[in-house]
Amino acid sequence: MNNLISGHTLRFVILVLLQALILNHINFLGYINPYLYILFIALYPIKNNRFLFLFLSFLLGLFVDIFSDSGGIHAAAALTAAYTRPIILKFSFGAAYEHQTIRFNTIEFGALLVYLITLTLIHHLVVFSLEVFNIKNILLILKKTLFSSIFTIILTVLTIIIFSRKR
Amino acid sequence: MQQIINFLIRNKTFLLYILLLSISLVFTIQSHSYHKSRFINSANFLSGGIYNSTNNISEYFNLKTQNTILQEENNNLRMLIHNGEKQNDSIQITYIDSTSFGIAYKFTPALVIKNSYSATDNILLLNKGERDSIKEDFGVITPKGILGIIDQTSKKFSTVISILNTNSRISAKLKHTNHFGSLIWNGKSPYTVQLKEIPKIAPVTQGDTITTSGLSAIFPKGIPIGTVTDFSLDNAENYYTINVKLFNDMTNIEHVYIIENKDKNEINNLLNPTDE
């Protein structure tokens, strides 16, 4: 249990620093940045205290916000992703989620991909809607969401593959 | 009463979600209004310190290009000194010389330790703060053009609202005439900004130089901004909207100068006599 907590704390810190110092400055094709920090939300244990989970996600987003001077957009997006996670889990894993038997190391790749894509799209949509903050520019929002999501999904899948122990 | 408590307990996660969401929305809305992001900004001890130490390493990687830019600027200043009075007209307007403004403007060199240009509201971080007597609403320029206006300050750091920020409005004019308008950004390309509210009567042509107007008490008059790439009349057909290609490459900025206008308080008091 202790091991689990320290592991997640370490992941929290590393993801915030990685996001702030490297990933925010990639600017692929001028504006495309991956937001890898949602990996913390995606891989948080399934059996959890939802109160704590929501609060931690909020804190994670807020730290990213402080580093990127973006007000509260990442906090709101991370919070929304964390709040909708049970629904996404149910949608992508079905029965396995009902019986609380999911382990991220052992599930099949297709379901995992669906889960990550849905989570990323929701998160990015909130981020860019709040960042642009103007309904007139809906096309800009959708464009940014789509391209950044692709980048984020590729990066999250690669990270999961590299850091998973048995596969 | 019992029912209210039961309701609260049943929906506690939803209520927590709403609470935290409204907090973050308040922060977001604050960040979208000018000069209001009091709580969440990177000019604090933690993030400023981390950015400062990583910048100490990463600044080595573009020493070469930055040296070239600074050398170009030195070259221009040298030309100004040695050709002094003879070519006054052509050069002095393009390149600013702090001595020609008396003591009205004080320049402070600073380093950009966090650059940003891909969001719609870009904010930069500088390594000078209150300790170096930097305050809100000071102008920031690069060796080639303008950068933005100081927003928040802490002891050692300060944030800059870049011209690549949809909230930023800077007074600018055509170099040859005195027709002025406000410089804004539409959030699309980091290489072009838009100049609005230039009256229809102004003689605009492609390739004209745009400079600061000196009307806002933040920037001195005549700092180069960019050149006109194209222009069109707005819907009411009274004003031009001009696309301006910036002189400085906003994606590669290291050395900047912060400008303090010593006469600013006096000017503002004269213009707004109500707030006494």
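How many salt bridges does the structure hold over all chains? The count comes to 3 in this predicted model, and each of them is worth a quick look. As background, side chains of opposite charge can pair when their charged atoms come close.

Start with the bridge between A:D69 and B:K114, where the closest N and O atoms sit 3.0 Å apart. A:D69 is in the loop between α3 (50-68) and α4 (73-93) of chain A, while B:K114 belongs to strand β1 (residues 105-114) of chain B, so this pair joins two chains. Both A:D69 and B:K114 are buried.

Next comes A:E131 with A:K144, whose closest N and O atoms are 3.2 Å apart. Here the link is between distant parts of the chain, with A:E131 in helix α6 of chain A and A:K144 in helix α7 of chain A, 13 residues apart. Neither residue gets much exposure: A:E131 has a relative accessible area of 9% and is buried, and A:K144 is buried too, at 4%. The cut-off for that label is under 20% relative accessible area.

That leaves B:R169 and B:E197, with 3.4 Å between the closest N and O atoms. B:R169 lies in the loop between β5 (158-165) and β6 (170-174) of chain B, and B:E197 lies in strand β8 (residues 192-199) of chain B, so the pair ties together parts that are 28 residues apart in sequence. As for burial, B:R169 counts as exposed at 52% relative accessibility, whereas B:E197, at 40%, counts as partly exposed.

Back to helix α7 of chain A, the home of A:K144. The helix covers residues 138-163, which makes 26 residues, and its first and last C-alpha atoms are 36 Å apart, close to the 38 Å expected at 1.5 Å a residue. Its buried residues include nonpolar ones such as A:L140, A:I141, A:I153, A:V157 and A:I160, but also A:K144, A:T145, A:S148 and A:S149. And what covers these buried residues? Among the elements doing so are α2 (38-42) and α6 (109-132) of chain A.

On to the aromatic side chains. Over all chains, a search of the whole structure turns up 12 aromatic pairs. One of them is A:F28 with A:F151, an edge-to-face arrangement at 6.0 Å centre to centre and 65° between the planes. This pair also links distant parts of the chain: A:F28 is in the loop between α1 (2-21) and α2 of chain A, and A:F151 is in helix α7 of chain A, 123 residues apart. A:F28 counts as partly exposed at 47% relative accessibility, and so does A:F151 at 21%.

A:F67 and B:Y51 also pair up, with ring centres 5.6 Å apart and planes at 75°, so this one is edge-to-face. With A:F67 in helix α3 of chain A and B:Y51 in helix α3 (residues 45-58) of chain B, the pair joins two chains. Both A:F67 and B:Y51 are buried. Elsewhere, ring pairs link A:F12, A:F40, A:Y44, A:F53 and A:F63 into a cluster.

What about the nonpolar packing? In soluble globular proteins, nonpolar side chains tend to be buried together. In this model the largest nonpolar core has 61 residues, and the members touching the most other members are A:Y37, A:I41 and A:Y115. At least two residues each come from α1, α2, α3, α4, α6 and α7 of chain A, along with α2 (12-32) of chain B. The largest share, 12 residues, is supplied by α4(A).

Zooming in on A:I41, and leaving aside neighbours within four places in sequence, the contacts are A:F53, A:S57, A:L60, A:A78, A:A81, A:A82, A:R85 and A:Y115. There is also a second, separate core of 43 residues, which includes B:I141, B:I210, B:V228 and B:I259.

One last residue to check is A:H74, found in helix α4 of chain A. Is A:H74 buried or exposed? With a relative accessible area of 3%, A:H74 is buried. Again leaving aside neighbours within four places in sequence, A:H74 is in contact with A:Y35, A:Y37, A:G61, A:V64, A:D65, A:S68 and A:V127. One of these contacts, A:Y37, appeared above among the core residues that touch the most other members.

Definitions and conventions: Residues numbered from 1 in each chain as written. Chains lettered and ligands numbered in written order. Predicted model: local features only at pLDDT ≥ 70, side-chain atom pairs only at ≥ 80, totals over all residues. Heavy atoms only, no water. Helix = DSSP H or I, 4+ residues; strand = E, 2+ residues; numbered from the N terminus. Expected span 1.5 Å × (residues − 1). Buried < 20%, exposed > 50% of the residue type's maximum accessible area, 1.4 Å probe, protein only. Contact = heavy atoms within 4.5 Å. Salt bridge = Lys/Arg side-chain N within 4 Å of Asp/Glu carboxyl O. Phe/Tyr/Trp six-rings, centres within 6.5 Å; stacked < 30°, edge-to-face > 60°. Core = buried A, V, L, I, M, F, W, Y, C linked by side-chain atoms within 4.5 Å.
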